[in-house]
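Notebook open, structure loaded. I want to look up a few residues and a surface patch.

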Amino acid sequence: MGCQCHHSFGRSNKILPDSKVRSILFYTSSLLASGNGWARIVLLVSLTGLLCNGSEALLGQEILVEEPTVLEEPLEKFKKQALQRAGLSTGWLGAANNHDLSSIWLDASVRFGIPLGSMDSPLAITPGFRVDWLSAVPSIDVPDALYDTGVEFFHMRPWNERWKLLGMIRPAVRSDFSTSRDAFKMFALAAAIWQYIPDRLSITMGAVYLGRSDIPALPAVGLVWTPDAKQRVELQFPRTRYFRRLAKDGADSELWAQATLGIGGNTWAVTRSNGSEDEIALRDLRLTTGIEKIVSGVGGWFFETVV
């Protein structure tokens with residue numbers, strides 16, 4: 001009669017007629033080769049004194065099993081409806097010294113998505129309102145509040161497998177609501193994105209018109225590097241950002257930490273204390289750090305601090 005040996009790891013079914021088994025010891029260990037797209041599991045089977053048809057089995061036999069890594073479920077970038085999100089944010093920016101000013105701001109917006117062929121690349125329309133309450137020493141002639149009311153139009157569309165085109169315009173009224181002279185401002189962005197290494201490294205080339213008296217326009221250039229699913233580096237001008245994913249809940253939500261270095265401020269039409277109509281430009285170079293919870297379908301919350 002022949003000898004049959006069946007081994008199922010986790011549950012052992014043995015059919016060993018005409019054989020003598022003194023002891024069977026199983027040792028298992030696992031090694032995860034991250035970033036290579038597969039998991040390597042090493043099963044070390046030590047068979048001591050196993051005799052089958054009078055032949056001694058191999059000792060210390062190593063079996064390699066390769067299993068594909070489970071792919072991550074991405075979050076939905078857009079909701080399958082017109083209303084994409086409603087947002088409300090606020091914050092405080094403290095004075096650097098006794099001769100500087102501080103501000104408290106409140107920003108409210110609603111975003112709608114209009115499909116242009118499909119909801120995979122919609123036209124995003126975002127009406128928004130922001131108010132900055134200022135606090136300054138008497139020697140700084142600024143109003144108590146500055147307002148920004150406008151509508152943003154944004155669209156990004158693939159051109160081919162390697163190129164994407166994006167454009168954004170935002171007409172707005174930025175003033176202290178006491179004058180209409182030079183209160184209308186326009187923000188515009190146009191850029192092309194080249195996927196140098198698809199899903200890993202992209203290069204952006206374009207320009208941005210800020211609608212500011214101190215900085216009218218700037219080039220919009222840089223690169224975005226995604227070394228893995230948990231990190232993203234945006235080495236771009238005029239804003240550079242680093243993202244690190246802290247947690248992921250399947251296809252429902254993700255928690256990210258981020259750091260941003262960029263130019264802040266804006267330009268508003270105001271009425272000075274002597275009654276003259278003028279423009280005021282506030283500008284700063286700020287480094288911020290924050291935590292963001294992203295919910296599938298463009299929802300969530302965000303918290304940041306200025307360093």
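By contact I mean heavy atoms within 4.5 Å. Also worth jotting down: this is a predicted model.

Entry one, arginine 245. I found arginine 245 in strand β14, which covers residues 239-249. Is arginine 245 buried or exposed? I get 9% relative accessibility, so arginine 245 goes down as buried, the cut-off being under 20%. Skipping neighbours within four places in sequence, I list Glu72, Ala229, Lys230, Glu254, Leu255 and Trp256 as the contacts of arginine 245.

Entry two, threonine 204. I placed threonine 204 in strand β11, residues 201-209. Threonine 204 has 11% relative accessibility, so I call it buried. Which side chain makes a polar contact with the side chain of threonine 204? I find glutamine 236, at 3.2 Å. Gln236 also turns up in the contact list of threonine 204, alongside Ala191, Ala192, Ile193, Ala220, Val221 and Gly222, with residues up to four places away in sequence not counted.

Entry three, the patch. I met Val221 among the residues that threonine 204 touches, and Val221 is also part of a nonpolar patch on the surface. The other names I wrote down for the patch are Phe237, Leu261, Ile263, Leu285 and Leu287. Together the patch residues have about 520 Å² of accessible area. Which strands each supply at least two residues of the patch? My note says β15 (253-271) and β16 (277-295).

Entry four, leucine 261. I checked this patch member on its own: leucine 261 lies in strand β15. Its relative accessibility is 43%, so leucine 261 counts as partly exposed.

Key
Residues are numbered from 1 along each chain as its sequence is written. This is a predicted model: local features need pLDDT of at least 70, side-chain atom pairs count only at pLDDT 80 or more; totals for chains, interfaces and linings use all residues. Side-chain values use heavy atoms; hydrogens and water are left out. Patches are made of residues with over 30% relative accessible area and no salt bridge: like charges are joined within 9 Å, nonpolar side chains (Val, Leu, Ile, Met, Phe, Trp, Tyr) within 5 Å. Accessible areas come from the Shrake-Rupley method with a 1.4 Å probe; for residues, only the protein chains shown count as cover. A salt bridge is a side-chain nitrogen of Lys or Arg within 4 Å of a carboxyl oxygen of Asp or Glu. Helices (H or I, at least four residues) and strands (E, at least two) are DSSP runs, numbered from the N terminus. Buried means under 20% relative accessible area, exposed over 50%, partly exposed in between (1.4 Å probe, protein chains only). A polar contact is a pair of N or O atoms within 3.5 Å; within protein, one must be able to donate a hydrogen and the other to accept it, and residues adjacent in sequence count only if both atoms are side-chain atoms.
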